[in-house]
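This report goes through the sheets, helices, cysteines and loops of one protein chain. The sequence and the model come first.

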Amino acid sequence: MIPLSLDEIATIVGGTVKGDGALQVTAPAVLDGRDAEPGGLFVAFPGEHADGHDYADQAGRAGAVAVLGTRPTALPTVVAADAQDALQALAAHVANRLRDSMIVVGVTGSQGKTGTKDLVATVLASSAPTVAAIGSFNNELGVPCTVLRADDDTRFLALEMGARRVGDIAALCRLAPPDIGIVLNVGQAHLAYFGTRAAIAQAKGELVEGLAPGGTAVLNADDPAVAAMRSRTRGPVLTFGLAEHADVRVTDLELDRLGRPAFTLRTADASARVALPLVGAHQAHNASAAAAAGLAAGIPLERAAAALAGASLSKWRMELRDLPGGVTLLNDSYNANPESARAALDAMAAIEAGRRIAVLGVMAELGDGGEAEHRAVGRYAAAKADLVVAVGEAARPIADGAGAQGVALDGNAAAADWLRARLAPGDLVLVKASREARLDEVAAALE
C-alpha cells in the first residue's frame, strides 16, 4: 500500500480520526486481524455473531497500527459512516494515484476465474512487479483489499471480479478501471441469483464496458456469448481459445500420464510450445487467455510461454497429491458448478490410475434446475469414474444419476470413513464441490 497518514485516509473516506492523525499506514488493509502485517490497517465490520471492532487488540498484536471502522477501538481509528464504503473509497483513491504507472487486468467468467487469474499473474510477473488477488478475493471487499496491496513499485495489478447480480462487476470496475479485461465464459454459476444465462452474460460483459479508455477486451473465441461482447466496447479486442480464428490459439494439445497438458500457442506471427505443470486439458484454454492478456500488456508470446511452464494455482484447485498407501488425491474442493465439475471429471479420467473414485458434493446456487443438473453431473461422472460418491443430502441426486456406480453418504466424516475403509493402492480420488460443502475436510482426512 502507498503510505498514507490517518488524517489523509479520513479525508479520502469522509471520516474522522480517533487517535494520532499523523500516524502512517504503510502495509495492506486486511479483513481478518490475524492477517495483519506490521504497519497495516485492519478494517472492522460489525457482524451477526461478532463485532470486528472488538478484535482490534488482536490485529495490533499481529502488526496493524490502525483500524478503519464505524466506532473507536483500542487502536487509532478512522471512524466512517460505513466501513465498506470507506474501504472502497480508499481503494479507488489508491488506484487513481497509481493510474499512470500501473496496468490493471481484470478477470471474470462463470468458472475458471481464480486459476486464470493465477496464470495471468504468472505471465505478468515475468516482466515486472505484480500484485494479484489472493485466492478468490473477487467481491466488493476482496477487490479493494487487493487494490490496497499495490504501491509505487507495482507495474501490474491482476484483479479477479465475481458477481451475484447485474451491476456488481460494473461497480468493481469503477474502483479500478481495468486496462485489460478478460471474460472467460458464461455458464451456470450463481444461476439462482441471476435467473437466466442472458442475465449472467449481461453481468460478465460489464467488465468489457467498464474498461479504462482505450482498454483491451480479451474474449473467449469458443463461447458465443463471450464473443458477442465485442460489440460492447470501442477499444481493441483480442480473442483466445481453440477456434481457428482466435488471436491466441491452442493447437497440438497432448496430455501426459498425470493429465498435464502440453500444447502450442499460436498467433499470426509467432508460436511457442508450453508444458503446463497443472492438471486438466482445460488449463490450456486458461493459459491462452493469460498469454493474450500478456500480449495486450506488451509481453511477448515466448516470454509468456516460458513463464507458464512454472505456473501454480491457488489452494484446493486441481491439487494432485500422493497419499500413503499408493493412493493419489486430486483436490479441487474450493468450488464447483456443472461446467467446472465436468472439467474436473475429464481431468481425472486423463490421469493413469487403477480405480477412479469421484467424491462430489453440492453445486450451490443453481436455482430451480439444481436437482436436474446434479443428476446430469452424476451421469457424466459415471462415464468417467468407477465409483461416484455423493456427499450430503443436497448432493444425493448425483448418486441417483450415477446409477449402479453411485453411493450416497450423509456427510464429510462418513465419506472419509467410507473411503479409508475401501481405498487401495493405485486408486485415484477426485474431491469436488461448492465451498459450502467443505469437502476439503474429506481431502484433509485422507491426507
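How many bridges join β4 to β5, and in which sense do the strands run? Two bridges join β4 to β5, and the strands run parallel. The model is a predicted one, and the values below are computed from it.

## The five-strand sheet

β4 and β5 belong to an open sheet of five strands in the order β2-β7-β6-β5-β4, with mixed pairing. The edges are taken by β2 (16–18) and β4 (29–30), each of which pairs on one side only. Between β4 and β5, the bridge partner of Ala29 is Leu41.

Further into the sheet, β5 (residues 41–43) is joined to β6 by three bridges in the parallel sense. Phe42 stands opposite Val67 in that pair. Helix α2 (residues 56–62) completes a right-handed β-α-β unit with β5 and β6. On its other side, β6 is joined to β7 (residues 77–79), again by three bridges and in parallel. Here the partner of Leu68 is Val78.

## Burial of strand β6

Strand β6 covers residues 66–69, and both of its faces are covered. Ala66 and Leu68 are buried on one side, while Val67 and Gly69 are buried on the other. Two of these residues have bridge partners named above: Val67 faces Phe42, and Leu68 pairs with Val78.

## The nine-strand sheet

A second open sheet holds nine strands, in the order β9-β10-β8-β11-β12-β13-β14-β15-β16, also with mixed pairing. Its edges are β9 (130–132) and β16 (271–275); each has a single partner strand, so one side of each is left without a neighbour in the sheet. The twist from one strand to the next averages 15°.

Within this sheet, β13 (residues 237–241) and β14 (residues 248–255) pair in the parallel sense over two bridges. Gly241 of the pair stands opposite Arg249 in β14.

## Annotated domains

An unreviewed UniProt entry lists residues 107–293 as "domain: Mur ligase central". In the model, the end C-alpha atoms of that span lie 10 Å apart, and the span is 32% helix and 23% strand.

The record also places "domain: Mur ligase C-terminal", again from an unreviewed entry, at residues 317–435. The end C-alpha atoms of residues 317–435 are 12 Å apart, with 38% of the span in helix and 25% in strand.

## Helices α11 and α3

Helix α11 runs over residues 282–296 and has 15 residues. The distance from its first C-alpha to its last is 22 Å, close to the 21 Å expected at 1.5 Å a residue. Is α11 mostly covered or mostly uncovered? The helix is mostly covered, with twelve of its 15 residues buried. Among them are Gln283, His285 and Asn286, as well as Ala289, Ala290, Ala291, Ala292 and Ala293. Just after the helix, Gly298 takes a positive phi of about 90°.

Helix α3 (residues 83–97) contains Ala86. The relative accessible area of Ala86 is 2%, so this residue is buried. Ala86 and Gly214 are 128 residues apart along the chain, and their C-alpha atoms are separated by 29 Å.

## Cysteines

How many disulfides does the count give? The count comes to zero. Cys145 is in no disulfide: the nearest cysteine sulfur, that of Cys173, is 18 Å away, whereas a disulfide would need the two sulfur atoms within 2.5 Å. For Cys173, likewise in no disulfide, the nearest cysteine sulfur is that of Cys145.

Cys145 counts as buried because its relative accessibility is 4%, and Cys173 counts as buried because its value is 3%. The cut-off for buried is under 20% relative accessible area.

## The loop between α12 and β17

Trp316 lies in the loop between α12 (301–308) and β17 (319–323). Its phi is near 65°, a positive value in a residue other than glycine. At a relative accessible area of 19%, Trp316 is buried, since the cut-off is under 20%.

Met318 lies in the loop between α12 and β17. Met318 has a positive phi of about 50° although it is not a glycine. With a relative accessible area of 9%, Met318 is buried.

Key. Residues are numbered from 1 along each chain as its sequence is written. This is a predicted model: local features need pLDDT of at least 70, side-chain atom pairs count only at pLDDT 80 or more; totals for chains, interfaces and linings use all residues. Side-chain values use heavy atoms; hydrogens and water are left out. Helices (H or I, at least four residues) and strands (E, at least two) are DSSP runs, numbered from the N terminus. The expected span of a helix is 1.5 Å times one less than its number of residues. Buried means under 20% relative accessible area, exposed over 50%, partly exposed in between (1.4 Å probe, protein chains only). UniProt positions are given in the numbering used here, feature names are shortened, and annotations may be inferred rather than shown by experiment. Two strands pair if DSSP finds at least two bridges between them. Axes are lines fitted to C-alpha atoms, for helices over the stretch in contact, and angles run from 0 to 180 degrees between N-to-C directions. A crossover is right-handed if, with the strands pointing away from the viewer, the path from the first strand over the helix to the second runs clockwise.
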